[in-house]
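Me: I should like to learn how to read the main features of a model such as this one. Could we begin with the structure itself?

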There are 2 protein chains.
Amino acid sequence: MQQLLTHLQNYSVLSSGTLESLTGCFEKVVLSKNELLLNEGRVCRHLYFLEKGALRGFYNLDGKEITHWFGFEKDFVTSFHSFITGEPAVENIQLLEGSILWAISKETLTGLLNSHHEVERLVRIAYEKYYIRLEERFVNAQFKTAKELYENLLHQTPYILERVPLGFIASYLGISQETLSRIRSKL
Amino acid sequence: MQQLLTHLQNYSVLSSGTLESLTGCFEKVVLSKNELLLNEGRVCRHLYFLEKGALRGFYNLDGKEITHWFGFEKDFVTSFHSFITGEPAVENIQLLEGSILWAISKETLTGLLNSHHEVERLVRIAYEKYYIRLEERFVNAQFKTAKELYENLLHQTPYILERVPLGFIASYLGISQETLSRIRSKL
DNA sequence: GAAGCTTTTTGACATATGTCAAAAATTAAA
DNA sequence: TTTAATTTTTGACATATGTCAAAAAGCTTC
């Protein structure tokens with residue numbers, strides 16, 4: 001919990017009153033490896049802060065699982081599309097390791113956003129950061145070769161390679177597992 | 001201007017006081033076809049609302065121009081990365097048609113965000129929508145074939161095909177112009 | 001440590017898409 | 001209109017990456 005409160009203050013300044021309000025709004029969630037935090041078809045009604053552990057978001061395409069994002073320590077995770085629109089999720093969220101999360105429901109968050117301008121600001125700034133991060137990933141994914149994508153991963157987020165099976169990483173990069181394996185063997 | 005104010009109220013409810021404050025904060029900008037709204041290397045200090053016209057964001061990669069987004073009526077446009085971080089832009093923004101825009105500077109916007117919770121909310125909600133839109137485009141771009149991408153464009157945003165040269169659309173879809181041309185001839 | 005899973009690597013081959021260059025077609029200018 | 005410039009299409013060919021199947025390597029667990 002303390003880790004979450006500390007992390008939030010990286011986004012913007014929070015008064016002690018706001019911090020106090022926040023404290024009561026999150027619930028601890030502990031899950032073990034391979035469990036699903038979210039099933040496709042269900043509406044995702046919570047936003048999670050990942051204190052410890054790792055997870056992945058994936059969906060099914062022509063019978064294949066496509067992993068399109070990972071979450072690690074200090075990430076906010078949810079099925080954003082479902083959480084924001086209230087529509088059923090098209091993706092699943094699965095634990096890659098035993099993890100500790102802090103959950104806040106959409107209703108609780110909405111209440112905080114209404115009552116605390118500071119929370120509204122924090123969330124706005126968080127979205128800014130998540131937006132430009134996604135934009136960068138998008139541009140890379142679309143215009144770089146498989147080898148370049150792997151090298152970027154190796155330099156920018158090497159911990160992914162250490163904590164996630166290769167098959168998941170391949171689809172995260174948008175390439176086949178065999179291609180990824182071959183790229184690795186030639187470096 | 002009226003169009004902008006009306007559009008803003010699609011995101012969230014605004015009091016008449018807030019609307020009044022907003023009115024004085026935007027400046028009208030009129031540009032003609034092919035002009036640059038932003039040059040790469042410059043810091044983008046404004047957010048623009050596109051009232052009428054069309055434009056594209058592009059950057060240079062190995063001597064080639066990569067168009068990675070388009071803006072049309074009622075879009076908010078800027079180099080988000082540069083605008084948010086204050087770093088020099090890696091992209092250019094060019095007018096595809098003569099256009100009318102409304103500009104707000106980052107300082108002015110920051111002032112509004114601080115003084116009006118309603119504006120903070122509006123921007124937070126705008127980011128939510130832009131975020132999930134980008135996420136959807138990302139997933140499509142990475143896991144669909146060139147033909148599927150073109151068909152999506154044809155169904156979801158046919159106006160792009162009518163208003164933008166094919167070469168720009170090809171790089172927007174992440175495929176070569178020749179491939180796009182061939183796909184078109186076979187439908 | 002042997003047996004049984006799961007994950008990763010290799011091999012052979014298919015194919016979608018890219019590249020380069022030239023020809024058509026379209027649009028703008030004179 | 002005629003000419004020039006730009007945009008789009010076609011053709012021939014190269015190549016990166018995908019697919020399917022099997023072998024190898026790495027982990028569990030009994």
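Reply: A convention is needed before the surface near the DNA can be described: Ala, Val, Leu, Ile, Met, Phe, Trp, Tyr, Cys and Pro count as nonpolar, Asp, Glu, Lys and Arg as charged, and the others, Gly among them, as polar. Please bear in mind that this is a predicted model. The surface near DNA strand C has 4 nonpolar, 7 polar and 5 charged residues.

Me: How many residues surround DNA strand C, and which are the closest?

Reply: DNA strand C is surrounded by 16 residues, and the closest are Leu166(A), Ser181(A), Thr145(B), Ser176(B) and Thr179(B). Two or more residues each come from α8 and α9 of chain A and from α6 and α9 of chain B. The largest share, 6 residues, belongs to α9(A).

Me: How are α8(A) and α9(A) arranged with respect to each other?

Reply: Two packed helices are described by the angle between their axes and the distance between the axes. Here the axes of α8(A) and α9(A) come within 8 Å and cross at roughly 100 degrees; the two helices are therefore roughly perpendicular. Leu166(A), Gly167(A), Ile169(A), Ala170(A) and Leu173(A) of α8(A) meet Gln177(A), Leu180(A) and Ser181(A) of α9(A). This contact comprises 5 nonpolar, 3 polar and no charged residues.

Me: What relates chain A to chain B?

Reply: Two copies of a chain are related by a rotation about an axis and a shift along it. In this model, a turn of 180 degrees with a shift of 0.0 Å along the axis lays chain A on chain B with an RMSD of 0.0 Å. The copies are thus related as by a two-fold rotation axis. In chain A, Arg124(A) has the C-alpha nearest the axis, 2.2 Å from it.

Definitions and conventions: Residues numbered from 1 in each chain as written. Chains lettered and ligands numbered in written order. Predicted model: local features only at pLDDT ≥ 70, side-chain atom pairs only at ≥ 80, totals over all residues. Near = placed C-beta within 6 Å. Helix = DSSP H or I, 4+ residues; strand = E, 2+ residues; numbered from the N terminus. Least-squares fit on C-alpha atoms with pLDDT ≥ 70 in both. Axes fitted to C-alpha atoms, helices over the stretch in contact; angles between N-to-C directions. Parallel < 35°, antiparallel > 145°, perpendicular 65-115°, else oblique. Contact = placed C-beta atoms within 7 Å.
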